Every structure is written in C-alpha cells, then in structure tokens.
Amino acid sequence: MRIGELAEATGATARALRHYEQAGLISSERASNGYRVYEERAVVRVRNIRHLLAAGLTLDDVRVFLPCLDGDMAAAPPSDKGLSVARERLAVLNARIAAQTETRDRLEAALRDRRRPTTPTHPTR
C-alpha cells in the first residue's frame, strides 16, 4: 500500500509516517516511480506506535517495543523493559508537571500580591 493509504488506514499523517520511518520504526520499499510502498502489516505497527505515543511515550521510548509492535499490544502482557521505560517516562512527566505547577503558583502569587488598579489595563502593543 502507498503512504496515503497507510495514513488513511491508521489515522496518521503521511508526514508522521515518514518520521516513523526515519526513526527506524517502520520500513517501506520503493516502487519504480519512487513512491513508498508498505506491507499490509504496517497498519498494525503504526496503530501500535500511535497508541504508545498517545500514552505519553516518545519515539525513542517506542523503540524498546519494536519486538512486539506487530502484534496485539493491548492483549499481550508488558515486558519488564517496557514497564521500566513507561515508569521512567512517567517520572519525567511528573517532574515537568511539578516544575510547571511551581511556576504557575509563583506567577499567581505575584499577581495576587500586586495591587490591582480599579480598571483593567491592557499592555501596549
């Protein structure tokens, strides 16, 4: 199938598919006209990649799952390595959320502590 067909079948964009290919997560052959041609099994692989990305993993994280990207990932038990990667990503996300929360709280405090004028003002443009 061509890239547009794979995109339609998986909900991914052609750009995302090229990115996945560049990252080594999917592969294609080239037709005589230069078009990318993917095997039918690429549909399952791309859906699994998108599922992992939607869960918060990065493309680098997804590489750990290469051995199982062609199967039913939802039904298969997770590997120890996969769980470790997911836990590491969760820790990174929690740290980022904590940092953003601290920044938000400082900004809220600064705005709260500042005397507000009785009429709203707008910054100059």
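This note goes through the helix packing, the two largest pockets and one strand residue of a predicted model.

1. Packing of α1 on α3. Helix α1, which covers residues 3-10, packs against helix α3, residues 42-54, at an angle of about 55°, and the two axes lie 9 Å apart. That angle makes α1 oblique to α3, since angles that are neither under 35 degrees, nor over 145, nor from 65 to 115 count as oblique. The crossing of these two helices, α1 and α3, is right-handed.

2. Residues between α1 and α3. On the α1 side the contact is made by L6, A9 and T10, and on the α3 side by A42, V43, V46, R47 and R50. Sorted by class, the residues of this contact comprise five nonpolar, one polar and two charged.

3. Packing of α1 on α2. With helix α2, residues 14-22, helix α1 makes an angle of about 105°, again with the axes 9 Å apart. The result is that α1 stands roughly perpendicular to α2, because angles of 65 to 115 degrees are counted in that class. Here α1 contributes I3, L6 and A7 to the contact, while α2 contributes A14, L17 and R18. This contact divides into five nonpolar residues, one charged residue and no polar ones. L6 of α1 is thus named in the contact with α2 and also in the contact with α3.

4. The largest pocket. Its volume is about 250 Å³, and of the 13 residues that line it, those closest to its centre are F65, M73, A76, P77 and P78. Helices α3 and α5, the latter spanning 80-113, each supply at least two residues of this lining, and α5 gives the most, with three residues. By class, the lining of the largest pocket holds ten nonpolar and three polar residues, and no charged residues.

5. The second largest pocket. About 210 Å³ of space lies in this pocket, and its lining is made up of L25, I26, S27, S28, E29, V37, Y38, E39, R41, A42, R45 and D70. These lining residues divide into five nonpolar, two polar and five charged, whereas the lining of the largest pocket has no charged residues. A42 belongs to this lining and is also one of the α3 residues in contact with α1.

6. The surroundings of R36. This residue is found in strand β2, residues 36-37. When neighbours within four places in sequence are left aside, R36 is in contact with M1, R2, I3, R18, E21, S28, E29 and R30. Among these partners, I3 and R18 also take part in the contact of α1 with α2, and S28 and E29 are among the residues that line the second largest pocket. As for a position further along the chain, R36 and S79 are 43 residues apart in sequence and, from C-alpha to C-alpha, 32 Å apart in space.

Methods:
Residues are numbered from 1 along each chain as its sequence is written. This is a predicted model: local features need pLDDT of at least 70, side-chain atom pairs count only at pLDDT 80 or more; totals for chains, interfaces and linings use all residues. Side-chain values use heavy atoms; hydrogens and water are left out. Axes are lines fitted to C-alpha atoms, for helices over the stretch in contact, and angles run from 0 to 180 degrees between N-to-C directions. Helices (H or I, at least four residues) and strands (E, at least two) are DSSP runs, numbered from the N terminus. A crossing is left-handed if the near helix is turned anticlockwise from the far one by less than a right angle, and right-handed if clockwise. Contact means heavy atoms within 4.5 Å. Ala, Val, Leu, Ile, Met, Phe, Trp, Tyr, Cys and Pro count as nonpolar, Asp, Glu, Lys and Arg as charged, and the others, Gly among them, as polar. On a 1 Å grid over the protein atoms alone, a cavity is a set of points where a 1.4 Å probe fits but cannot get out, and a pocket is an open set with protein on both sides within 12 Å along at least five of seven lines; lining residues have an atom within 4 Å of a point. Grid points are joined across faces, edges and corners, and a volume is the space filled by probe spheres set on the points.
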